[in-house]
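Notebook open, coffee ready. Today I'm looking up two things: a patch on the outside and the holes on the inside.

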Amino acid sequence: MVTCKFGKTGAIGGRPEPTESTVHVETSQTGTLLEVNRKLDNVLATMFSDGELVTDQGVKLDVSLKLENHISGVVQSCFFHLRRLSRIKLLQLQAHLEIVVHAFITSRLNYCNSLYSGVNEASLAWLQLAEKAAARLLTATTKQENIMPILANLHWLPQLLTLDHKILLSWLELWAGITGHALDWVRSYLPERSLCVKLSNKAAASSSPLSTSCLLQGNFHLNGMHKAGDVVLGGLFRAHYFSVSPDLTFISVPQQHICYGLDVEGLRKAHTMTFAIDEINQNSKLLPNVTLGYSLYDNCLTLGVGFRGALALISGQQEETVTDEKCLGSPPVIGLVGDSSSHTPIAISSVLGLYRVPIVSYFATCSCLSDRQKYPSFFRTIPSDTFQVRAIIQILKHFGWTWAGLLISDDDYGLYAARSFQSDLSSSNEGCLAYLEILPRKKDLTELKRIVEVMKKSTARVVIVFADEGPILNLMEEVVRQKLTGLQWLASEAWSTAAVLQTPELMPYLGGTLGVAIRRGEIPALRDFLLKTHPDLHYNNSNENNLVNQFWEFTFQCKFAPVPAGWVENGGLLCTGGEDLQSVETEFLDISNLRPEYNVYKAVYALAYALDDMLKCEPGRGPFSENSCATVQTLEPWQLVYYLEKVNFTTPFGEQVSFDENGDALPIYDIINWRWLPDGGTEICNVGDVKKSALNQEEIKLDEPKIFWNFKSKQPPRSVCSENCPPGARMVGKKGEPECCFDCVSCSEGKISNSTNSLDCFSCPEDFWSSPLCDQCVLKKTEFLSYEEPLGICLAAASLLGTFICAVVLGILIHHRSTPIVKANNSELSFQLLLSLKLCFLCSLLFIGRPRLWTCQLRHAAFGISFVLCVSCILVKTMVVLAVFKASKPGGGASLKWFGVSQQRGTVFVLTSVQAAVCTVWLVLSSPMPHKNMQYHNDKIVYECAIGSVLGFSVLLGYIGFLAIISCLIAFLARDLPDNFNEAKLITFSMLIFCAVWVAFVPAYISSPGKYADAVEVFAILASSFGILVSLFGPKCYIILLKPERNTKKALMGRNIKRAADY
């Protein structure tokens, strides 16, 4: 019975109303479907009126189901949008334009294109025109150029193939077990073999009643090499550079791609895999009793061919494989080694990941492949581009290159590298990019000239290039034409060992290039194995095991039978298979620089060790369901993935091989240097390596003396946007420029930066100050009135001089104490006065030197008490002089009884005791103490004695001033005394000097900072002391020493005095 359902929408109340028609037709197996067709026509007639169109989900359906109206509308819409895009093309970056156009193809041209199945080719041709127009818009290709290679580069299939690919991919996802709405209407047998469909028909039944056939859905004729074994490993290698696409008219059976341009190095990589398998088979400790086989295919550097090879490897190539009734048995291959680039494994792994078939790449570096969700069974023995970017950043960091240009290829390899560079540089703050340019895929002279002009104008002397040889060759032609020298090139692994760039014409520019390269390994026995290579003498132009024969024909320029017509007649040679490889010079035998080959070697051994671990599993202790183990007969590829994730071994070269959680091997790169030899030749030297350290950080080792620098100085160049800010300065970014471009601003006083390129300056601690260069904090200079400086020396000398003079005067007076002038001036008070003056002179020494607690407490107390003692003596002396002269007058004798010796001493003692009491209270309540004053100078600490109490200091000075003023007033009252020797005048004069000095002292003391305040106070003490000393005792000493004739009683009394009192 066949059930067909058709839906139609109508418009009722503004809402779609689904209607459905159902046809049930009973047919027999031998019957025809004429009745079905007739009833379907009746249903369509009821659904569609003449010329009526039905639109559902944006698809226009007509009664004939030819979709002509729908396709016409799609094409018109496509060309409309393409015209709109062409107007803004120049305003968009190429990368942005690609995104828009790819989205346009996906959302407009390929929308619901599964419905086009069975539509005539004329209708599809209109869609093909729209696709070609989009490709020409994106790549700026003229109508005269062949558009098919452009479509291949864009990975756009022709519309007919796009339709087939979409339908087949949908069925592939269904068979892989992906659930979805489609399973609601598909109920079919899901075979355990991926691309084999179980058939049960009469032919199969007649051949064997118990057998089941797995019929291969397609067979690809690919160049390859094969060897049988118990377990087979697959491989994809680039054995040819180019391929010719077949005719896609589909008027006959489509032909296979034709590959040409033999890649000898790629063939050597394939033979490295066969060598590793042969070596494993001979190793009795690794996979004993199991023989490994191989099946290798050439990808012709074409995604489609590589994809066909991968499908052929996992499905097998036999037209019909007869197995047991459950279609069990080992799969054709259990794992793949390959491919030679990133874009092919990306496509292959997305499909093989559905079946968990492990693929171990030896050359795919794209960081996107580390995504375990998208590529769950992908592994690689080469580091990813993420580590490659970090390795190059380590080289930049090592040489201090913080300013570099970046050139990338216009593909995933370059774009992912640029993204990693920008993110890693910004996060590490170890440099920035002066420019980022995308190298054109084709030789666009205008674009290349613009890029070279950007490189010329830039101050960056380091250029990093992430691309393969093709775009770089085009760039270097323009570099040579403009003679752009003086650059240091950093090469990614894609071209760091490219011999095509190591030419005499390019070495003046590329000499000294530093780059990262795949780890070079040693495989000593490989050359002997390669020498044993021999062709298949039964070669008959089939594609099986034909790579060696093609290499043989390429190397010896001969042909195997059957030869093309006219080959022998034109002098061509016939290949015998006995030719000697050692007699020719070929890259096939060059094992001096095994880099990708070493990765192939590690990839094969990784699969072998994983398989060995799996086969060593003990039953009942396995990792799979119910603790089961896998066997050679029940082996599934996904089981091998489990062991690959845990594989860990050491190669004969001594390198450890294991995979992390993303399937990446332990990363390590060689650092190579292009040495330009004096004879014009070129040599690639290993100068170091970069690898992951135990702390998961990049570790670089460089042998700098071995590096060749292509500069006159033979030294690495400087490549910075701004020179490093030295210690003592900070960085200030330039507006609108990258963070590597900055100005250096010196730190302000009191702040320092002790590192290069400091972002900020830091304040010094309280007792420290910035050095003259502001690069360190130094202990602040301490300032006080010192005995070691001239000012302190002078003041101390003056103090001692005053003390000495007082002692001399005291000695003179004592020696002449019996003379009238000494006796007339109250000798006891004079002696006390001289002693107090000596104390005044000596107390000034307490103000000099480093302040300490005892000096701070003693200096003002000693100063106050000494001066009160001095002024008290002067006051009493003045009062006595006044009383004596008044007593000489009639009726004045009574005044002398109040000024006897005891009263004089008592008065001096009482007046001095008051000052002593003031000082005692001051010291007890708020004692002066040493203090670090930092307010006067930022870079100095002024040690001073804090007075503690301003009130106490004020009372001390006020009391001295009070006594001085009283003395001055009393002396002023005695101005009418006899003129011959009137001591009252001398006292008045001395007190005027004393008061003048201390009145001037107050503002001078307050306005003097630091040690100068102490100097002012000392100066006031010395000045007032010398004033009193000279004023009072100078005239006496003058008379005693120089005018002894005046040192008589008569001379002192004068003519108008009738009598004198001898006291």
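Strand 9 gives the nonpolar patch its largest share, 3 residues. I should jot down that I'm working with a predicted model here.

Next I looked up who belongs to the patch. Y241, F242, V244, I258, Y260 and L301 form it on the surface. Together they have about 580 Å² of accessible area.

Which strands each supply at least two residues of the patch? I found strand 9, covering 240–244, and strand 10, covering 258–262.

Then I went after L301. I found L301 in the loop between strand 11 (292–298) and helix 9 (303–315). Is L301 buried or exposed? Neither label fits, because its relative accessible area is 40%, so I wrote down "partly exposed" for L301. Exposed would need over 50%, and buried would need under 20%.

New page: cavities. How many of 30 Å³ or more turn up in a search of the whole structure? I noted 3. The largest cavity holds about 80 Å³ of space.

I checked what surrounds that largest cavity and got a lining of 13 residues. T381, K602, E655, L666 and I668 are the ones nearest its centre. Helix 18 (596–615) and strand 24 (656–658) are the elements that give two or more residues to this lining.

Last, I sorted the lining of the largest cavity by class. My tally reads 7 nonpolar, 3 polar and 3 charged residues.

Notes:
Residues numbered from 1 in each chain as written. Predicted model: local features only at pLDDT ≥ 70, side-chain atom pairs only at ≥ 80, totals over all residues. Heavy atoms only, no water. Patch = residues over 30% accessible without salt bridge, like charges linked within 9 Å, V, L, I, M, F, W, Y side chains within 5 Å. Areas by Shrake-Rupley, 256 points an atom, 1.4 Å probe, with all protein chains shown as cover. Salt bridge = Lys/Arg side-chain N within 4 Å of Asp/Glu carboxyl O. Helix = DSSP H or I, 4+ residues; strand = E, 2+ residues; numbered from the N terminus. Buried < 20%, exposed > 50% of the residue type's maximum accessible area, 1.4 Å probe, protein only. 1 Å grid on protein atoms, 1.4 Å probe; cavity = no way out; pocket = protein on both sides within 12 Å on 5 of 7 lines; lining within 4 Å. Points joined across faces, edges and corners; volume = space filled by probe spheres on them. Nonpolar A, V, L, I, M, F, W, Y, C, P; charged D, E, K, R; others polar.
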